[in-house]
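Subject: A structure for you to look at

Hi there,

Here is the structure I promised to pass on. Have a look at it first, and then read on for what turned up.

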Amino acid sequence: MPVLNPHAVLLLAAGGSRRLGQPKQLLSINGKLLVRHIAELALTTAPTQMIVITGCQAEAVSAALTGLPLQTVFNPLWSQGLASSLQAAAESLRAHPGPVLVLACDQWRLSSAHLDNLLTEAATASTVVTDYGGAEGLPALLPMTLLQQAHLLHGEQGLKTLWHQQPHRAVEAPELAFDIDTPEDLQQAVAAGFGSASA
């Protein structure tokens, strides 16, 4: 895959999943916890560095990642919202000079092929995001300069707030519009082949 600069990976796994009622990162997919499943997919892109932001049930999340070549970073402010995790990530990756591949932990339909597509598009744009079919979101490949603007975010604001203000390229992956935010989402995921409804 033609990546111009070595990339780092940021996996966001700190949230409490209030609407779901249980931490989505600890759901099981085919006998494997979702956070580990996504982390292993991310590692197939051969990043120079990978960090996972933890918060809610940090100990269990870290245990789920045992043996993988990555660093967990605990965000003590995780209950204040996504912006605090992005700010913790910006601080942890401040010395990284290249792009950052940012992933959420609840996109169980994510594939390594889509991650490769994002990295390939880095040859034509510094900011490459996912298009769900009219809406944009993660995963996204972003310049470090954009992540460093995380201090401008508040509460549940995400990086989309920042990348919408500058030119970017979008790669279609409509299947990723279906993530797991509510018990109803989880029921649909199980019906569609998600491994288990239990954490």
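Which residue follows α7, and what is the sign of its phi? The residue is Gly-193, and its phi is positive, near 120 degrees. Please keep in mind that this is a predicted model.

Let's stay with helix α7, which spans residues 183-191. Its buried residues are Asp-185, Leu-186 and Ala-189. They lie on the same side of α7 because they cover an arc of only 100 degrees around the axis. Gln-187 and Ala-191 are exposed, and they sit on the face of α7 turned away from the buried side.

Next, the largest pocket. Its volume is about 970 Å³. It is lined by 34 residues, and those closest to its centre are Lys-24, Leu-82, Asp-106, Glu-156 and Asp-181. Sorted by class, the lining has 14 nonpolar, 11 polar and 9 charged residues. To find your way around it, look for β1 (8-13), α3 (82-92), β8 (136-142) and α6 (160-163), each of which supplies at least two residues of the lining.

One more residue to find is Trp-108, in the loop between β6 (100-104) and α4 (112-120). Is Trp-108 buried or exposed? Its relative accessibility is 10%, and buried means under 20%, so Trp-108 counts as buried. You could also pick out Thr-145: it is 37 residues from Trp-108 along the chain, and the C-alpha atoms of the two are separated by 29 Å.

Enjoy exploring!

Best wishes

Key:
Residues numbered from 1 in each chain as written. Predicted model: local features only at pLDDT ≥ 70, side-chain atom pairs only at ≥ 80, totals over all residues. Heavy atoms only, no water. 1 Å grid on protein atoms, 1.4 Å probe; cavity = no way out; pocket = protein on both sides within 12 Å on 5 of 7 lines; lining within 4 Å. Points joined across faces, edges and corners; volume = space filled by probe spheres on them. Helix = DSSP H or I, 4+ residues; strand = E, 2+ residues; numbered from the N terminus. Nonpolar A, V, L, I, M, F, W, Y, C, P; charged D, E, K, R; others polar. Buried < 20%, exposed > 50% of the residue type's maximum accessible area, 1.4 Å probe, protein only. Arc of directions from axis to C-beta.
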